[in-house]
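Colleague: Got a minute to go through this model with me? I have a few quick questions.
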Amino acid sequence: MALSYFRFWHWKQKICFLVFLLFINLLDGFILKAIVSQLSSYSSGILVSFFLNLTFTFKSSNAKLVEFNGFLFLQISLLLVSTVSIGMLVDYLRYNSALSWVCVMGLITGVNYCFSRSWVFAEKWHCNSPP
């Protein structure tokens, strides 16, 4: 399961990273460029991640809407944490934007996998699964 997660994560992260770099360069001089770039980057991966996790990684058979609500809550929470973290590192502390993104998103990926596996796509959390 973890191997499948990280195989798909690899491609999604490449796309998200390119979106981040695109916006960081387009918004050069804009005071909140890292925050806007991260919001754009992370948002671009949310629906793709849900579909890949649901279909291939966790092969879930639960109610899709229930899982999507949990997935969306988790993603919005992680989006906020990653955006604030990257914003602080890049816009406030003036760290390298690419390195900051890679470090923060590496940590966020581990947290995302743990919560997706144990909470969002776990059979035991849904009403329609047997006890």
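Modeller: Sure. Keep in mind that this is a predicted model. I'll start with a cysteine: Cys114 has a relative accessible area of 47%, so it counts as partly exposed.

Colleague: And Cys103, what is its relative accessible area?

Modeller: Cys103 comes out at 45%, so it is partly exposed.

Colleague: How many disulfides are there?

Modeller: The count is 0. A pair of cysteine sulfur atoms has to lie within 2.5 Å to be counted.

Colleague: Change of topic. Where is Ser82?

Modeller: Ser82 sits in helix α3, which covers residues 64-92.

Colleague: Is Ser82 buried or exposed?

Modeller: Ser82 is buried, because its relative accessible area is 0% and the limit for buried is under 20%.

Colleague: Which residues does Ser82 touch, leaving out those up to four places away in sequence?

Modeller: Ser82 touches Gln38, Tyr42, Val104, Met105 and Ile108. With Gln38 there is also a polar contact, side chain to side chain, at 3.0 Å.

Colleague: Now Val84. Which helix is that in?

Modeller: Val84 is in helix α3 as well.

Colleague: Is Val84 buried or exposed?

Modeller: Val84 is exposed, since its relative accessible area is 54% and exposed means over 50%.

Colleague: What surface patch does Val84 help make?

Modeller: A nonpolar one of about 560 Å². Val84 makes it together with Met88, Tyr92, Leu93 and Tyr95.

Colleague: So what should I note down for helix α3?

Modeller: Two residues to start with: Ser82, which is buried, and Val84, which is exposed.

Technical notes: Residues numbered from 1 in each chain as written. Predicted model: local features only at pLDDT ≥ 70, side-chain atom pairs only at ≥ 80, totals over all residues. Heavy atoms only, no water. Patch = residues over 30% accessible without salt bridge, like charges linked within 9 Å, V, L, I, M, F, W, Y side chains within 5 Å. Areas by Shrake-Rupley, 256 points an atom, 1.4 Å probe, with all protein chains shown as cover. Salt bridge = Lys/Arg side-chain N within 4 Å of Asp/Glu carboxyl O. Helix = DSSP H or I, 4+ residues; strand = E, 2+ residues; numbered from the N terminus. Buried < 20%, exposed > 50% of the residue type's maximum accessible area, 1.4 Å probe, protein only. Polar contact = N/O pair within 3.5 Å; in protein donor to acceptor, adjacent residues only side chain to side chain. Contact = heavy atoms within 4.5 Å.
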